[in-house]
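Reader: I'd like to go through this one and ask how each label was earned. Could you show me what we're looking at?

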Amino acid sequence: RFGERRAKAERMFSLMDGFLKNDPLSLQKDILNHVEYTMARSRFNFDDFEAYQALAHSVRDRLIERWHDTHVYFKRTKPKRLYFLSLEFLMGRSLTNSVINLGIQDQYAEALNQLGFEFEVLAEQEGDAALGNGGLARLSACQMDSLATLDYPAWGYGLRYEYGLFRQVIVDGFQHEQPDYWLNFGNPWEIERIHVTYEVKFHGTVEEVDMNGKKQKVWVPGEMVEAVAYDNPIPGYGTRNAINLRLWAAKPSNQLNLEAYNTGDYINSIVNRQRAETISNVLYPDDRNHQGKELRLKQQYFFVSASLQDIIRRFKDAHNNFDELPDKVALHLNDTHPSLSIAELMRILVDEEHLDWNKAWDIACKVFSFTTHTVVAEALEKIPVDLLESLLPRHLQIIYDINFKFMEELKKKIGLDYNRLSRMSIVEEGAVKSIRMANLAIVGSHVVNGVSKLHFDTLKTRTLKDFYELWPEKFQYKTNGVTQRRWIVVSNPSLCALISKWLGTEAWIRNADLLTGLRDHIDNTDFHQEWKMVKKVNKMRLAEYIEAMSGVKVSLDAMFDVQVKRIHEYKRQLLNILGIIHRYDCLKNMDKNDRRKVVPRVCIIGGKAAPGYEIAKKIIKLCHAVAEKINNDADIGDLLKLVFIPDYNVSVAELVIAGADLSQHLSTAGHEASGTGTMKFLMNGCLLLATADGSTVEIIEEIGSDNMFVFGAKVQEVAQMREKGSISKVPLQFSRVLRMVRDGYFGHEDYFKSLCDTVEIDNDFYLLGPDFGSYIEAQAAADKAFIEPEKWIKMSILSVAGSGRFSSDRTIQDYAERTWKIDPCRCPL
Ligand code: GL7
């Protein structure tokens, strides 16, 4: 039999042509083959979208080769693996990123040219994969890119939502949400694995059975759903490695409900089965509040159960003793969303693998690590006990057991300090008895991470103080980072080429620290000229886009001033809009002479509001109302424009960030755990106007506050200001612009009333009034710098030169060494 198998393998091998070839001619043949045999279109008649799909399929073939080889290599060498568990991944587009990471961009460009297509035009055909909300989800995507590039033996696990984040449509200045059915036209980047499936159980009861004289808990489920794997290859840059992002979709279980069939209710039983699919249907569009929704809990457990079954199966294929689990597997909880994994692993080890509880717990704690992305304790996720009891009865028991043991241990350490015990308990006894997911994650993990230095300090001194004092050694922070492959190489090709030219190497694409080399040319005027041209080209692209989206023509001489991110009160888009009103007001009161000295501005705002977040939606409407007034004021002309970019997403971000001169990051100090937009703008030579919050604090350390515009109350001051009340510090200009909105200067005064109320003196939780004066000063400083192009360009160069520390490669390497304890595993060429 062995001989037979070998002969078969040899024959198959001899039939294969080795690897796919990447010369332009071979690429053309492959693309055309896909046009004909995959798309079933005629080679003489296909449009740009079909061309994109055929192109994507040819890239996918090449990804699959590497992805296979990487798997085989990992399987053979058995390194310790990292499993990155996240309910959200904001991948954006894949085409350009893939060909760049595969190192075959030029070949593809040439191949397409000869066929009469332009690569960039086809790339525009691709829709975004938006399986996430905001910063947290894009961070996961950046980290996957770094894990692949740095050759770590890692897998990502997530959910394959059929509807990604809603599409934002603006009608009359109001946000409307439309479903993002991103899979409508097929998804060439995924590989459906119809044979990789697991049964996921819900509801039912827990029974106790006698097993060889020992009592054993058995969960008898009331509902079964099947999880099907969809694999998404993630290619590294400058390596053959391509790792996997495995996303689960829910399908009806194959375990037939025979009773229903036998009783003849055939139609209904099919309809019921079909309901299973709703589990992975839709991404929750709230980026911070995930409290107590049954479907959301179902999603979480569905995800956790399928992923852990898959991980344990793979572990058991290669190892036969669970003692080895911590040496072979690291499980990372990206925020609290996958924290049920801790209870699930305990259930598997104790109920199914029959390990003793203490042993299982010891293993679990060594395997799990956790990153929290939240600052304020109130925003931490909680799950009502009732809900958990009905959906996951066995898990609730396990969580109670974990908590009981934890409380016993804690009492031994801190005595009967009931206040503290109740604060630290995993179970919250309140009006609604709930499970505190963060507490579960902390108790069950050996490392708890923050996402910036400032965030870490807040965790230690406020949010997680009790836990920090108990286990200081558990706490670490890894300042977030973003991948320079996506945020320079893919999105800003002209800047990429310029950097490589002046550094004399492309090595910075794998080692962003080399960007500091740009400092050597800081006084070179040729370099300055080229730098300026690059920004101009990107501003042109952006200006075209703005005109197409909003009909507003903008001047390229104006400063492009951008604030793009989710709309939140704490991010203070309202401060920006009130600042714009102030600018407009000043312009209106200026004589001609003075106006000549004014730096023209194009203010660009973009971002989505969670569908149920009224105040955020009002901010969007206010932005449109103000834009309408300003943009139609012929007297002001190009001196000031305001545009709202609809449906902000990853691919829009690529365009906007590359074309920005100035970007705004206005969160009230102490509220943004990190912020990663800052880093993307920094990498693109866009100057930052920002509060000393989250990641900005470290950016200041890196490039110096004289290369950016820092303003506003510091973290320590915020607390004091809130205590004291801040009446005396609110400048008159602030009251004046607020009055303009209240008095209906931009119309809709009734609608804006509640929005204005949120920033009235006694109500101004996010301190817009008290920060307004210093905000206006920082804006003036930006204007002043902009009229000295030399100075501005130097600041811009120094921003990029200092951005290396904010590469996700640095973050991931740090996680690998200090948290996950994994080593690179590079698939040989
Ligand atoms: C966030 C933080 O708000 C943000 O500051 C951080 O950069 C990001 C990634 O760590 O995580 N937390 C969170 O819940 N969302 C974030 O973007 C949605």
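Author: Sure. The C-alpha centres of domain 1 and domain 2 are 34 Å apart, and bear in mind that this is a predicted model. The domain assignment gives 66–284 + 291–480 + 814–820 as domain 1 and 491–805 as domain 2.

Reader: How do you know that domain 1 and domain 2 touch, and how many residues does the contact take from each?

Author: Residues count as in contact if their C-beta atoms lie within 7 Å. The contact takes 33 residues from domain 1 and 30 from domain 2. On the domain 1 side, strand 2 (89–92), helix 7, strand 5 (164–171), strand 6 (174–180) and helix 18 each bring at least two residues. Strand 5 gives the most, with 5 residues. By class, that side divides into 11 nonpolar, 16 polar and 6 charged residues.

Reader: Where does the ligand's shell come from: which domains supply at least three residues each?

Author: Domain 1 and domain 2 each supply at least three. The ligand has 17 residues around it, and the closest are Gly 135, Leu 136, Asp 287, His 373 and Ser 674. Helix 7 (residues 135–149) gives the most to this shell, with 3 residues. The classes there are 4 nonpolar, 10 polar and 3 charged.

Reader: Why is Asp 151 called buried?

Author: The cut-off is 20 or more other C-beta atoms within 10 Å. Asp 151 has 20 within that distance, so it is buried. It sits in the loop between helix 7 and strand 4 (154–159). Asp 151 also has a positive phi, about 65 degrees, although it isn't a glycine.

Reader: And what makes Asp 647 buried or exposed?

Author: Against that cut-off of 20 or more, Asp 647 has 21 other C-beta atoms within 10 Å, so it's buried. Look for it in the loop between strand 21 (640–645) and helix 26 (650–658). Its phi is positive too, near 55 degrees, in a residue other than glycine.

Reader: What makes the sheet of 9 strands open, and which strands are at its edges?

Author: Strand 7 (191–202) and strand 18 (475–477) are the edge strands, and each pairs on one side only. The order is 7-10-11-4-1-12-13-17-18, with mixed pairing. From one strand to the next, the twist averages 25 degrees.

Reader: How do you know that strand 10 and strand 11 pair, and in which sense?

Author: Pairing needs at least two bridges. Strand 10 (residues 223–235) and strand 11 (residues 242–252) have 11 bridges, in the antiparallel sense. As one example, Asp 231 has Arg 246 in strand 11 as its bridge partner.

Reader: Which residues of helix 18 are buried, and what do they pack against?

Author: In helix 18 (residues 453–463), the buried ones are Leu 454, His 455, Phe 456, Thr 458, Leu 459 and Thr 463. They pack against strand 17 (447–450), helix 19 (465–470), strand 18, helix 28 (694–703) and helix 29 (715–724). Helix 28 has its own buried residues, among them Val 697, Ile 699 and Ile 703. The cover over those of helix 28 includes helix 18 and helix 33 (789–801).

Reader: Last one: how do you know that helix 30 and helix 31 are in contact, and which residues make the contact?

Author: The axes of helix 30 (residues 732–742) and helix 31 (residues 749–757) come within 8 Å and cross at roughly 145 degrees. Leu 738, Val 741 and Arg 742 of helix 30 make the contact with Glu 749, Phe 752 and Cys 756 of helix 31. That comes to 4 nonpolar, no polar and 2 charged residues.

Notes:
Residues numbered from 1 in each chain as written. Predicted model: local features only at pLDDT ≥ 70, side-chain atom pairs only at ≥ 80, totals over all residues. Near = placed C-beta within 6 Å. Helix = DSSP H or I, 4+ residues; strand = E, 2+ residues; numbered from the N terminus. Nonpolar A, V, L, I, M, F, W, Y, C, P; charged D, E, K, R; others polar. Domains from an automatic or database assignment. Axes fitted to C-alpha atoms, helices over the stretch in contact; angles between N-to-C directions. Buried ≥ 20, exposed ≤ 12 C-beta atoms within 10 Å, placed from the backbone. Contact = placed C-beta atoms within 7 Å.
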